[in-house]
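Student: Please choose one part of this model and take a close look at it with me. I would like to see how that part sits among its neighbours, in one connected answer.

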Amino acid sequence: MKPGKFITFEGIDGAGKSTHISFVASLLHDRGHTVLTTREPGGTPLGEKLRALLLHEKMHLETEALLMFAARREHLAQVIEPALKRGDWVISDRFTDATFAYQGGGRKLDRRKLEALERWVHPDLQPDLTLLFDVPLEVARSRLEKSRDLDRFEQEQAAFFAATQAEYLRRASEFPERFRVIDSSKPISDVNQGLVRLFEEF
Ligand SMILES: Nc1ncnc2c1ncn2[C@@H]1O[C@H](COP(=O)(O)OP(=O)(O)O)[C@@H](O)[C@H]1O
Ligand SMILES: Cc1cn([C@H]2C[C@H](O)[C@@H](COP(=O)(O)OP(=O)(O)O)O2)c(=O)[nH]c1=O
């Protein structure tokens, strides 16, 4: 039983997740919720160390997937589960859908292995709502290049992001009850207005 709500933000790099997280957090805060925002990989001191390795060190694909779930295990135990039990609303910049999309879709790791890890690490928890920021690949790429130095994932080629995005969209149609796809090719103010409408019904 968890009195709080768990909301995740997903999308390929440059789709606009981080830009809209603080907007949604303040929207929910204004409605009287205590809101905790966090991110993956990361969200705990150990998780942030794993994040630095994941974003910058070369490693075997299965090591990558296992470390994503190791960081997630810690994140759930230290941050997400206690917050939801207290009744807080948790917003996470990425969660397990990202592992299915990047390690499964992008890097082609067998989905059954990821499903086994998911059953191990969080058998009874799924997000209440997942916002998938959807944007054409070229738009995401040009926003990224203008905004920051690129990490190990962001340096991948277009085919990798096409496969990652396709897996995100496949999951959105597999789990329509919790996914909402946001057209984030629109200007930031339009995306914000869409989010206001979406949260009126959530
Ligand atoms: N709807 C939008 N229109 C124009 N630029 C945007 C939009 N959303 C985000 N950006 C810009 O694109 C860049 C990447 O956005 P960011 O939120 O960091 O993406 P993500 O967290 O999904 O990787 C930032 O410079 C941000 O200001
Ligand atoms: C959570 C997660 C992230 N990632 C990748 C996607 C991103 O490229 C990277 C870091 O995510 P993110 O925090 O979105 O990067 P940034 O702060 O640069 O916007 O990690 C995976 O490959 N698998 C996962 O399970």
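**Around helix α4**

Tutor: Let's start with R94, which is found in the loop between β3 (89-93) and α4 (helices are DSSP runs of H or I with at least four residues, strands runs of E with at least two, numbered from the N terminus). This is a predicted model, where local features need pLDDT of at least 70, side-chain atom pairs count only at pLDDT 80 or more, and totals for chains, interfaces and linings use all residues. Residues are numbered from 1 along each chain as written, with chains lettered from A and ligands numbered from 1 in written order.

In that loop, R94 is worth a second look: R94 has a positive phi of about 85 degrees, although R94 is not a glycine. From there you can move on to α4 itself, which covers residues 96-106.

One neighbour of α4 is ligand 2. Helix α4 supplies four residues to the shell around ligand 2, and that is the largest share. In total, 15 residues surround this ligand (near means a C-beta atom, placed from the backbone, within 6 Å). E40, A98, T99, Y102 and F153 are the closest of them. Sorted by class, the shell around ligand 2 holds seven charged, five nonpolar and three polar residues (nonpolar: Ala, Val, Leu, Ile, Met, Phe, Trp, Tyr, Cys, Pro; charged: Asp, Glu, Lys, Arg; polar: the others, Gly among them).

E40 is also part of a backbone detail. The peptide bond that joins E40 and P41 is cis, with omega about -10 degrees. P41 has its place in the loop between β2 (35-39) and α2.

Now for the helices that pack against α4. With helix α7 (residues 158-174), the axes come within 8 Å and cross at roughly 135 degrees (axes are lines fitted to C-alpha atoms, for helices over the stretch in contact, with angles from 0 to 180 degrees between N-to-C directions). That makes α4 oblique to α7 (under 35 degrees is roughly parallel, over 145 roughly antiparallel, 65 to 115 roughly perpendicular, the rest oblique). On the α4 side, D97, F100, A101, Y102, G104, G105 and G106 take part, and they meet F160, A163, T164, A166, E167, Y168 and R171 in α7 (contact means C-beta atoms, placed from the backbone, within 7 Å). This contact of α4 with α7 contains seven nonpolar, four polar and three charged residues. Y102 appears here and is also one of the closest residues to ligand 2.

With α3 the arrangement reads as follows: the axes of α3 and α4 come within 11 Å and cross at roughly 175 degrees. So α3 is roughly antiparallel to α4. L61, E64, A65, M68 and R72 of α3 make this contact with T96, T99 and Q103 of α4. By class, the contact of α3 with α4 has three nonpolar, three polar and two charged residues. T99, in this contact, is again among the closest residues to ligand 2.

One step further out, α3 (residues 61-86) has a partner in helix α2 (residues 45-56): their axes come within 9 Å and cross at roughly 160 degrees. That makes α2 roughly antiparallel to α3. In α2 the residues involved are L46, G47, L50, R51, L53 and L54, which meet E64, L67, M68, A70, A71, E74 and H75 in α3. The contact of α2 with α3 comprises eight nonpolar, three charged and two polar residues. E64 and M68 serve here and also in the contact of α3 with α4.

For context, consider ligand 1. It has 16 residues around it, with G16, S18, T19, R143 and S147 nearest. The elements giving two or more residues to this shell are α1 (17-30), α6 (137-147) and α8 (188-200), and α1 gives the most, three residues. The shell around ligand 1 has seven polar, five nonpolar and four charged residues.

Key
Two residues are in contact if their C-beta atoms, placed from the backbone, lie within 7 Å.
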